[in-house]
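Student: I'd like a close look at one part of this model, the disulfides. Could you walk me through them, with geometry and surroundings?

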Amino acid sequence: MTKRFRDWALLSFVAFMVFCPMAKAQDRRIVAEPVAPHTVCDRPVPSGTNDTARLQDAIDHCPAGAAVYLGRGQYFSGPLGMKSGVTLWIGRGATLVAMAEPALYDKGRRHCGRIAGKGDGCRPFISFSKTRGGGIYGDGTIDGQGGAAMAGSTETWWQLARRAQTESGNQNAPRLIQIDQAQDITFYGVTLRNAPNFHVVMNRVEGATFWGLTIDAPAEARNTDGIDPGASQDVTITRSFIRTGDDNVAIKAGDNGPSRHISIVDNYFGWGHGMSIGSEVNSGASDILVRDLTLDGTTFGLRIKSDVSRGGLVERVTYENVCLRGNRWPIAFDTKYNPHARGFSIPVYRRIALRHVRGDNGTLLMRGVDGKHALDVTLEDVRFAESATWRLENANVTADHSAVSPPLPGRAGERGPGGWEQCAKAFRN
């Protein structure tokens with residue numbers, strides 16, 4: 001199924017290029033397709049039990065520039081820490097399995113696998129901390145086992161997350177991959193699936209490439225974001241297939257610093273909560289390019305979300321050549337993400353541009369805080385079905401109204417064919 005989706009997405013991207021030239025990417029690096037390391041330092045053999053010690057030892061003793069290669073089979077492991085310059089190469093037919101044992105991930109407070117007032121009681125499955133270079137490569141799979149029963153319990157990580165939601169608490173579940181204060185990280189080709197919590201989270205990363213990934217989790221798996229760049233810059237996510245139970249991609253900029261110079265190009269998003277910026281943007285998010293993106297069945301499509309408790313400046317964001325289908329909110333630029341929020345961190349969205357965006361039904365929301373902090377959005381060739389509805393509050397929208405459908409409130413315009421038919425005929429089946 002994944003290959004089929006990718007083939008469809010590729011055809012839609014080709015169709016896009018007929019009516020829109022390439023735009024300059026916002027990642028300031030020159031990004032090329034990654035290549036495999038020339039040297040393999042170790043080839044651990046799966047034991048069928050707990051391989052954590054032998055995998056960590058192989059990583060620790062591998063020289064920079066080389067790779068630890070996992071061949072066919074299942075490797076069961078607890079948390080692993082990566083080393084600068086070392087690549088974890090997961091070969092075709094290999095699966096690295098995160099053991100569903102909360103005690104392995106616990107930070108010492110015995111909160112992992114439980115509901116508590118805070119949700120940071122677990123170590124991630126794979127961590128990159130203050131590393132430079134290296135990454136994860138290969139045609140194999142990393143399986144977080146989010147749907148497996150935790151050791152000593154009949155409850156899965158995902159069930160814990162749902163129960164935490166009903167009990168107004170925080171689940172303590174491990175993220176699949178955490179990248180902190182790192183530089184020049186590369187992920188290529190690998191499949192990430194069934195994370196107990198977020199799949200990939202970045203914090204203060206400078207230079208990261210994600211090329212040709214498959215990220216897959218059930219639509220009902222709570223808090224299983226795909227890739228979350230936070231306080232990071234010069235990031236490219238490209239040619240990837242992502243479907244999750246939460247944000248497919250979420251760019252964040254909380255207290256740790258701004259996020260900027262990010263390119264999301266040539267990707268296909270299945271179910272999930274869409275292409276998001278926020279909700280924490282108090283340090284600012286800017287210089288973001290989203291180009292050649294298909295969002296098929298995501299709840300939200302293009303989304304910027306924040307509120308007065310965590311708002312900030314979001315600017316110079318360009319969405320270009322985007323196909324949307326089956327979205328409840330194809331566009332949702334909302335400064336009142338939590339309408340009950342209190343605070344003085346005002347969200348301001350400006351210099352937001354949509355070019356050559358096509359979709360079908362749903363609500364097209366643009367809502368600013370007030371008249372003094374109105375959204376600043378430009379539309380160029382933005383077309384949805386006649387049944388789609390605009391909802392504008394405190395939004396200054398600049399557009400050639402003959403090239404926007406349905407017409408903006410109070411404006412006359414063309415009611416041409418539904419946008420989806422124009423941009424993604426390849427998706428008919």
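Tutor: Here is a walk through the disulfides, one pair at a time. Keep in mind that this is a predicted model, and that the structure holds two disulfides.

Start with cysteine 41 and cysteine 62, whose sulfur atoms sit 2.0 Å apart. The torsion about their S-S bond comes out at about -110°, so this disulfide is left-handed. In sequence terms the pair links distant parts of the chain, 21 residues apart. Cysteine 41 belongs to strand S1 (residues 39-42), while cysteine 62 is in the loop between helix H2 (52-60) and strand S2 (66-70). What about exposure? Cysteine 41 has a relative accessible area of 31%, so it counts as partly exposed. Cysteine 62, at 1%, is buried.

Now for cysteine 112 and cysteine 122, which form a disulfide with sulfur atoms 2.1 Å apart. Here the torsion about the S-S bond is about 110°, so the disulfide is right-handed. Cysteine 112 lies in the loop between H3 and S7, and cysteine 122 in the loop between S7 and strand S8 (126-129), so the bond ties together parts that are ten residues apart in sequence. Cysteine 112 is buried, with a relative accessibility of 6%, and cysteine 122 is buried too, at 9%; the cut-off for buried is under 20%.

The neighbourhood has one more thread to pull: helix H3 (102-105) and strand S7 (115-116) are among the elements that cover the buried residues of H4. Those buried residues of helix H4 (residues 157-166) are Trp157, Trp158, Leu160, Ala161 and Ala164. They span an arc of only 155° around the axis, so they fall on the same side of H4.

How values were computed: Residues are numbered from 1 along each chain as its sequence is written. This is a predicted model: local features need pLDDT of at least 70, side-chain atom pairs count only at pLDDT 80 or more; totals for chains, interfaces and linings use all residues. Side-chain values use heavy atoms; hydrogens and water are left out. Buried means under 20% relative accessible area, exposed over 50%, partly exposed in between (1.4 Å probe, protein chains only). Helices (H or I, at least four residues) and strands (E, at least two) are DSSP runs, numbered from the N terminus. The arc is that of the directions from the helix axis to the C-beta atoms. Contact means heavy atoms within 4.5 Å. A disulfide is a pair of cysteine sulfur atoms within 2.5 Å.
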